[in-house]
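Work through these exercises with the model open beside you. Try each task before you read its solution.

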Amino acid sequence: MKRKRRIAILGSTGSIGTQTLDVIRQHPDLFEVELISARRSADLLVRQALEFDAAHVVICDEARYQEVADALQPRGTKVWAGVDSLCDLVGMESVDIVVGAMVGFSGLRPTLAALRAGKAVALANKETLVAAGAIVTRTAREHGGVILPVDSEHSAIFQCLLAAGDNPVEKVHLTASGGPFRTWERLRIAGATAAQALRHPNWDMGAKVTIDSATMMNKGFEVIEAKWLFDLEPDQIQVVVHPESVIHSMVEFTDGAVIAQLGCPDMREPIGFALSFPQRVTVGNKKLDFAALGSLTFEAPDTERFPCLALAYEAIRRGGNAPCALNAANEVAVAAYLKDLISFYDIAKIGERALAGVNFVADPSLEDIFETNRETAAIADGYIH
Ligand code: MG
């Protein structure tokens, strides 16, 4: 019998983390949990560690360490605190696949540590590639690490490319649901609250990415993510709004042929494929019923009402540390929007200022990336308060 794949989940208590554990729960014969980590959700982390008998548990917020240690150490679980521990542990011999499900820039260091150790990283944390795509992909190449996309669009492109042979890609078509404000007038969107933005029509996701979906910054970041994952030019990546979210993305070839990947919108599908690649496993999702579906619709994205999409294209065309600056500003802006401190279009304004004000570095080192992140976050924060 083949050995089980041993999984480390960075960010096990978030939306992707819990859905990853749900896939693992369905296949105890294929997967086992070696490590789980959370930023500060100590209760859920402890429950997960008990259910899946995780060997290592990391709580990033050191203030919550004692509570987790008290609950788990008596049973022999190794409990650690802080992101540095996480960076050390992801390289362990006993880890086969690292699921990168942390939110935002915070996932960059552990992801790099995993790739440096030559691990397969199932990457859901797109901000890592947005902020430092050149460094992350170079690290993977140099150390034999592999990035398996978990973002549904990129998993779709990856699956389409398996059918492409050696043929060059002409274009990829990234589908976008359009989010909860797709049909709203600009004036109404301007007054939209975070509670309204959190009502995503199709996908069940965490708060940060759901707001990013409402602004379409998420799609912009996915353009950047696609550039790095599949070595494409920005002009080869086209966004098309597809409200049903049934086509998860498409690849077009020189002869005009287009290969698409379809499925019901459920993150467990791309997660399962990344964990079990190249095999496929059941994940407990609904299956498509084409007759019931009737039709699929498409429209062009509107960058007047959703300026963040255009900002992301501008950032990736400028290159260097510009996408890192946009990401940093966006993280601060989304956190403020979630607390009702700023309005919807302030998110784009803050991103625009970040792009205009960043000290541009054409070929940033990792230190430059951390510096840009810090600097831009501070400037964005100053704009809000
Ligand atoms: Mg996506």
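## Exercise 1: The whole chain

Task: count the helices and strands, then judge how compact the protein is.

Solution. Start with the elements. The protein has 17 helices and 11 strands. Next comes the radius of gyration, which is 20 Å. The globule rule gives 21 Å for 385 residues. The two values are close, so the protein is as compact as a globular protein of that length. Keep in mind that this is a predicted model.

Now look at the overall extent. The C-alpha trace spans about 55 × 50 × 40 Å along its principal axes. Burial comes next: 56% of the 385 residues count as buried. Finally, take the contacts between residues at least 6 apart in sequence. Of these, 68% join residues at least 24 apart.

## Exercise 2: Two helices that cross

Task: find how the axes of α7 and α12 cross, and name the residues that make the contact.

Solution. Locate the helices first. Helix α7 covers residues 152-161, and helix α12 covers residues 268-276. Their axes come within 9 Å and cross at roughly 50 degrees. An angle from 65 to 115 degrees would count as roughly perpendicular, and one under 35 as roughly parallel. The angle here makes α7 oblique to α12. The crossing is left-handed.

Then list the residues. From α7 come S152, S155, F158 and Q159. From α12 come E269, P270 and F273. Sort them by class: 3 are nonpolar, 3 polar and 1 charged.

One more step follows the chain past α12. P278 sits in the loop between α12 and α13. The peptide bond that joins F277 and P278 is cis, with omega at about 5 degrees.

## Exercise 3: An enclosed helix

Task: decide whether α10 is largely enclosed or open, and find what covers its buried residues.

Solution. Helix α10 runs over residues 207-215. Use the burial cut-off: under 20% relative accessible area. By that test 7 of the 9 residues are buried, so α10 is largely enclosed by the rest of the structure. The buried ones are K208, T210, I211, D212, S213, A214 and T215. Their cover includes α6, α9, α11, α14, α15 and α16.

Now take one of these partners, α11. The axes of α10 and α11 come within 5 Å and cross at roughly 95 degrees. The two helices are therefore roughly perpendicular to each other. On the α10 side the contact uses K208, V209, D212, S213 and T215. On the α11 side it uses M217, N218 and F221. By class, this contact has 3 nonpolar, 3 polar and 2 charged residues.

Check the backbone just after α10. There M216 takes a positive phi of about 70 degrees.

## Exercise 4: Another helix to test

Task: apply the burial test to α5 and name its buried residues.

Solution. Helix α5 covers residues 108-116. Of its 9 residues, 7 are buried, so it is largely enclosed by the rest of the structure. They are L108, P110, T111, L112, A113, A114 and L115. After α5 comes G118, with a positive phi near 75 degrees.

## Exercise 5: Positive phi in loops

Task: for S245 and for D340, decide whether the residue is buried or exposed.

Solution. Take S245 first. It lies in the loop between β9 and β10. Its phi is positive, about 55 degrees, although S245 is not a glycine. Its relative accessible area is 6%, so S245 is buried.

Now take D340. This residue is in the loop between α15 and α16. It also has a positive phi, about 60 degrees, and is not a glycine. At 58% relative accessibility, D340 counts as exposed.

## Exercise 6: Far in sequence

Task: place R318, then find its contacts beyond its neighbours in sequence.

Solution. R318 belongs to helix α14, which covers residues 307-318. Its relative accessibility is 33%, so R318 counts as partly exposed. Set aside the neighbours within four places in sequence. R318 is then in contact with L355, A356, V358 and F360. Look at F360 in particular. It is 42 residues from R318 in sequence, and the C-alpha to C-alpha distance is 9.1 Å.

Technical notes. Residues are numbered from 1 along each chain as its sequence is written. This is a predicted model: local features need pLDDT of at least 70, side-chain atom pairs count only at pLDDT 80 or more; totals for chains, interfaces and linings use all residues. Side-chain values use heavy atoms; hydrogens and water are left out. Axes are lines fitted to C-alpha atoms, for helices over the stretch in contact, and angles run from 0 to 180 degrees between N-to-C directions. Helices (H or I, at least four residues) and strands (E, at least two) are DSSP runs, numbered from the N terminus. Angles under 35 degrees count as roughly parallel, over 145 as roughly antiparallel, 65 to 115 as roughly perpendicular and the rest as oblique. A crossing is left-handed if the near helix is turned anticlockwise from the far one by less than a right angle, and right-handed if clockwise. Contact means heavy atoms within 4.5 Å. Ala, Val, Leu, Ile, Met, Phe, Trp, Tyr, Cys and Pro count as nonpolar, Asp, Glu, Lys and Arg as charged, and the others, Gly among them, as polar. The radius of gyration is taken over C-alpha atoms; the globule rule is 2.2 Å times the number of residues to the power 0.38. Buried means under 20% relative accessible area, exposed over 50%, partly exposed in between (1.4 Å probe, protein chains only).
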